[in-house]
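Colleague: I am new to this model and should like to understand the reasoning behind the terms applied to it. Might we go through them one by one?

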Amino acid sequence: MEADHGSLRSGKSAFIGRIDERQRLQDAISRSLQGSSTFIIIKGEAGIGKTRLGDVLEVGAENASFLVLRGDCLPGASIPHLPINEIAMGLGLPPLTFFD
């Protein structure tokens with residue numbers, strides 16, 4: 001994956017590091033180009049760069065002509081299914097209802 005995808009759209013500085021993670025994401029994009037379905041979840045503790053890594057992935061995937069659907073969690077929010085609803089709405093579906 002090229003070094004700097006996330007800065008292209010966001011105006012942020014060049015993306016440095018995360019070589020292993022970026023390679024895994026590039027491999028997933030390559031497999032998808034060969035016909036494999038791919039679903040990627042980026043998870044981890046707050047503040048470790050998940051959003052920034054997602055920005056890099058999103059730009060790289062869009063540059064490869066993929067439809068990118070993204071759902072984000074909100075800090076402190078008690079809406080565990082919010083990312084799934086965001087993805088569903090990105091597909092034009094109504095918000096989903098979840099039961100515990």
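Modeller: Let us begin with the word "helix": helices are DSSP runs of at least four residues, numbered from the N terminus. The model before you is predicted.

Colleague: Which helices supply at least two residues of the lining of the second largest pocket?

Modeller: Both H2 and H3 do so. H2 provides the largest share, five residues. In total 15 residues line this pocket, and Arg 24, Leu 25, Ile 40, Ile 41 and Ile 42 are the closest to its centre.

Colleague: What makes a residue part of the lining of the largest pocket?

Modeller: A lining residue has an atom within 4 Å of a point of the pocket. For the largest pocket, 36 residues line it, with Ile 40, Ile 41, Ile 42, Arg 70 and Gly 71 nearest the centre. Helices H2 (19-33), H3 (50-63) and H4 (82-90) each give two or more residues to this lining, and H3 gives the most, six. The volume of the pocket is about 1,200 Å³.

Colleague: Why is the contact between Asp 55 and Arg 70 called a salt bridge?

Modeller: The term requires a side-chain nitrogen of Lys or Arg within 4 Å of a carboxyl oxygen of Asp or Glu. In this pair the closest N and O atoms are 3.0 Å apart, so the contact falls within the 4 Å limit. Asp 55 belongs to helix H3 and Arg 70 to the loop between H3 and H4, so the bridge ties together parts 15 residues apart in sequence.

Colleague: How do you know whether Asp 55 and Arg 70 are buried or exposed?

Modeller: Buried means under 20% relative accessible area, and exposed means over 50%. Asp 55, at 15%, therefore counts as buried, whereas Arg 70, at 26%, counts as partly exposed.

Colleague: Which other side chain meets that of Arg 70 in a salt bridge at 2.6 Å?

Modeller: That partner is Glu 58. Glu 58 lies in helix H3, so its bridge to the loop between H3 and H4 ties together parts 12 residues apart in sequence. With 16% relative accessibility, Glu 58 counts as buried.

Colleague: What makes Asp 55, Glu 58, Arg 70 and Asp 72 one network?

Modeller: Their salt bridges share partners. Asp 72 also forms a salt bridge with Arg 70, with the closest N and O atoms 3.4 Å apart. Asp 72 has a relative accessible area of 34% and is therefore partly exposed. By this rule the count comes to three salt bridges.

Methods. Residues numbered from 1 in each chain as written. Predicted model: local features only at pLDDT ≥ 70, side-chain atom pairs only at ≥ 80, totals over all residues. Heavy atoms only, no water. 1 Å grid on protein atoms, 1.4 Å probe; cavity = no way out; pocket = protein on both sides within 12 Å on 5 of 7 lines; lining within 4 Å. Points joined across faces, edges and corners; volume = space filled by probe spheres on them. Buried < 20%, exposed > 50% of the residue type's maximum accessible area, 1.4 Å probe, protein only.
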